Every structure is written in structure tokens, then in C-alpha cells.
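Trainee: Before we discuss this chain, could you take me through it, from the overall fold down to a single residue?

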Amino acid sequence: MEAFEVTGGRPLYGTTKIYGAKNAALPILAATVMAGDVCVIEGVPRLQDVRVMVRILQSLGAQVEWIDDTITVDPRPIHSTDVPSDLMRQMRSSIFLMGPLLARFGEVRVSRPGGCVIGQRPIDYHLRGMRDLGAKVEEAHGYVRCTANRLYGTHISLDFPSVGATENLMMAAVFADGVTVLENVAREPEIVDLARFLEKCGASIEGAGDDSIRIYGVHHLTGTTHQVIPDRIVAGTVMIAAAATGGDVTLEGVIPSHLGATITKLKETGVQVIVDRDIIRVNQGASRLAADIRTAPFPGFPTDLQAPAMALLTTVSGTSVIRESVFEARFKHVNELVRMGADIAVDIQTAVIRGVPRLSGALVEASDLRGGAALVIAGLMAEGKTRIEGLQHIDRGYQQLDTMLRDLGADIVRID
Ligand SMILES: CC(=O)N[C@H]1[C@@H](OP(=O)(O)OP(=O)(O)OC[C@H]2O[C@@H](n3ccc(=O)[nH]c3=O)[C@H](O)[C@@H]2O)O[C@H](CO)[C@@H](O)[C@@H]1O
Ligand SMILES: C=C(OP(=O)(O)O)C(=O)O
């Protein structure tokens, strides 16, 4: 079993370039199945989830070539609309095949998707939306089958601005007859990136990035070339790691407006953050103050940075409160942080963190992606050695996190 071994106490210093976003690349790769010609997707991170998406596309019949950070998909030979259930189970993003396959072929068969276990994560908004667009949705034996001769534009209002449902329904509506209006939708930058990709292929979409999106149905998409946006969650993780170790790190190739809430919270803890075009520099200031965080859909503080932020707050002076308002069970890292000496009390979706002078290295286990990143940050902060197991979770979303941190001066090795 692979593990990270981290010896804490070394501030991170230097410059790092942020690669493309997993949560943008995955829906865009799924959307290529709707294109009538070859699509070239650039800036794709080398991650386990992307490998799974490539295998799904290949299993459907697409020709896929992956060289460095560029994936070329020829969707024309696709002949299957049945997504293999062993691949469905490996990540949440497998659900993104539902909208595009239904839109192009009028049918799709999927099983329930996997992904981080951070709550129940139902797919009811996706299914209800497909029904509203005119699809017949049948669920049996753990599979969902959607069929439709045609999809029809309609008004859909989400109960909660779900990122995945917004993306899936936006894709499904691209070939629907007439106009589809999606309301109370998510506004995450990854949704805007997906809309930009679809528009380059010939889709007609207005309002992505706002809470209401209009999709004017078209009959055909072409191929295109598209560069995926930088990963704001990886950027935020590195910023928090720099602050937590009292270092001085410059991030290149970022979009600072995607990180507004993260920058604000870091500044509240006394960290100096300097923004200059596509560069962010994080420099640990003199004070390390407590902060209260409430996660929320974009532009609020991202739930994906809740766990890394909690690691940072374990050793600031004073008491911090984190309220996780997006997922009902996203505190699995708490017990592991406590194992390292943190003082954290959880009441349902609220965590109260009382700052302690220092963490101490321990054997801990990641049970989800961002919780795993939090344990790595805690290891960098702690006295002595920390061994982090459960790397399969971390590798789903961070491209060689150990190498990236080692290049910034961290003492971290991957051991078998
Ligand atoms: C691949 C990807 O992009 N993953 C991101 C995406 O996940 P994902 O798209 O799964 O997250 P959602 O925005 O859909 O989930 C938000 C909330 O809505 C609920 N919900 C969602 C759909 C549904 O049909 N019914 C329902 O009740 C969820 O259980 C959750 O409580 O957005 C999350 C919220 O920013 C991020 O943490 C994930 O990193
Ligand atoms: C929760 C995440 O991923 P997924 O939705 O793929 O499980 C994440 O990226 O933090």
C-alpha cells in the first residue's frame, strides 16, 4: 500500500505553475461525445479520474489519444450508450455521460456514480431535469435508463445550485427543440468553461456563470480545440499549504477571480496575499488569526477547500468555526487531525477548532480527496513524521502532489 511520509516543519518556498482543473476537464471530455468531429482538449491534468473518463470514452467506441496534457477525442465511432458500471462506480463525474449520450443518441444507460463519500450525493436533480426535458427515465437493478425520441426545451428550477446537475442538464439541452431555461443553477467557473467549450462547438448558451442559463437548441456540434481553465482548488490547496507552513509561494497561471473567497479568508488569518494578473503570491504575515468559514456554492468559500482550511486553522491563536453547508458528511478528516493533536469538536455540520500550539506527526488515513490534502498540509505543519495512507483518494484529484510540494521545499516522499 502506498503512503506519503512527511517530515514537518519546513516552510514552502518558491514558484509553482497550476495545471488544468479536474472538475472542468471531466465534464468537457464527457461533452465531446456530442461533437460531430474531433475535439482537442488541452491542459488536462494527469489524474486517476481522467484515466477513468478516457476508459469510459473508449468503451463507448470513441478514439482517444492522450499525449502530455492534451487529449484528442474522435467521438464519431461511438456505438454504445451503455456506460460500464465498474467505471461508473469509480468517480462522480461518470454521471456527466448521461446528458451528452441522451442528447446525441436518444438513449443512455448508467449505474449510480461513485466519487468522494462526503454525503449521500443523490442524482435526483439530474433525473428530474432529464424527465422535464422529455426523457423517459427508468430505474431498475441499480441502473438508470433514459430514452427520448426528442428532448424539448423547458423551464427547470433546481432546488439547490448543484454543479453536476447544472452541467448535465446544460449538455442535455444543447440538442433540445426550442429554448431551455435553467434556474437557480450553480455559477462555478467550471460551468462557464464547459459552456465556452460547447459554444466553440456551435452550441448556443447564454448566462453561464449567472444563476439562470438559457440554451437555444441546435442540431449539430462541430469539433474544436479547447484549453481547460486552471485548477482553482489545487491553487487554493497550495496557497493554504504555503500559509500553514509560514512560507512564501508564488503561483503562476491562475485566475485570481476564481479564488476570491479563498483569498479573503487567508487574509483574515493574517496571511499576505498579493495578486498580479495570473499570479498569486502567498506570504505568511506576522499574525496567525482564527477565522470563521461557511462553505457555499461559488462565489462562496468552496467546500473543496474546507478540509485544507481546517488544517491551517488547527494552530492559529483563538477559536475558529467552520460550517459545511454543501455536503452533510464532509468532516471525515477531523478524527485524523485530532490524532495529530488538533482540538476540534463537531456538531452535525459545524466544526469548532480551538487553536493548539502545534500538531505532532502520526499515522493517518485519507478517506476522501480533499480530506487527504488536509492531512498532507497537517503533516507539513507537524512536529516529526506523518504517514498518510489512502493515497488513491488524493491521486484522484492532485497530479503528483508529493513532487509539487517537494519542488517547493517540503520533505515528503511516496513510499510503498
Ligand atoms: C466533479 C465535480 O465537479 N465535483 C464537484 C461538484 O460535485 P457535485 O456536482 O456532485 O456536487 P453538487 O453541486 O451536485 O452537490 C451539492 C449538493 O447538492 C446535493 N444534490 C446534488 C445533485 C442532486 O441531484 N441532488 C442533490 O441533492 C448534493 O448531495 C450536495 O449536498 O460540486 C461540488 C460542490 O461544489 C464539489 O465539491 C465537487 O468537487
Ligand atoms: C468531491 C470532489 O470530487 P468528486 O465530485 O469527483 O467526488 C472534489 O473534487 O473535491
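The exchange below treats a predicted model.

Trainee: How many helices and strands does the chain have?

Mentor: The model is predicted, and local features are therefore read only where pLDDT is at least 70. Counted along the chain, the secondary structure comes to 14 helices and 23 strands.

Trainee: What is the radius of gyration of the chain, and why does it count as compact as a globular protein of that length?

Mentor: Along the principal axes, the C-alpha atoms fill a box of roughly 65 × 45 × 40 Å. For 416 residues the globule rule gives 22 Å, and the chain comes close to that value, so it is as compact as a globular protein of that length, with a radius of gyration of 21 Å.

Trainee: What share of the residues in the chain is buried?

Mentor: Burial here requires 20 or more other C-beta atoms within 10 Å of a residue's own. Applied to the 416 residues of the chain, that criterion gives a buried share of 52%.

Trainee: Which domains make up the chain, and how many residues does each bring to the contact?

Mentor: One part, domain 1, is assembled from two segments, 3-19 and 230-415, whereas domain 2 covers 22-227. Their C-alpha centres lie 30 Å apart. The contact between them takes 17 residues from domain 1 and 18 residues from domain 2.

Trainee: By class, what residues form the side of domain 1 that touches domain 2?

Mentor: Polar residues number three on that side of domain 1. The other two classes are represented by seven residues each, nonpolar and charged.

Trainee: Which domains supply the shell around ligand 2, and which residues are in it?

Mentor: The shell draws at least three residues from each of domain 1 and domain 2. By class, its members divide into three nonpolar, four polar and three charged. They are N23, M91, R92, S93, G115, C116, D304, L369, R370 and G397.

Trainee: Where does C116 lie, and which residues does it touch beyond four places away in sequence?

Mentor: C116 belongs to the loop between β6 (107-111) and α5 (124-132). UniProt, in an unreviewed entry, places the feature "modified residue: 2-(S-cysteinyl)pyruvic acid O-phosphothioketal" at C116. Leaving aside residues up to four places away in sequence, C116 touches D368 and L369.

Trainee: Is C116 buried or exposed?

Mentor: The threshold for burial is 20 or more other C-beta atoms within 10 Å. C116 has 22 C-beta neighbours inside 10 Å, so C116 counts as buried.

Definitions and conventions: Residues numbered from 1 in each chain as written. Chains lettered and ligands numbered in written order. Predicted model: local features only at pLDDT ≥ 70, side-chain atom pairs only at ≥ 80, totals over all residues. Domains from an automatic or database assignment. Contact = placed C-beta atoms within 7 Å. Nonpolar A, V, L, I, M, F, W, Y, C, P; charged D, E, K, R; others polar. Near = placed C-beta within 6 Å. Helix = DSSP H or I, 4+ residues; strand = E, 2+ residues; numbered from the N terminus. Rg over C-alpha atoms; globule rule 2.2 N^0.38 Å. Buried ≥ 20, exposed ≤ 12 C-beta atoms within 10 Å, placed from the backbone. UniProt positions renumbered as here; feature names shortened; annotations may be inferred.
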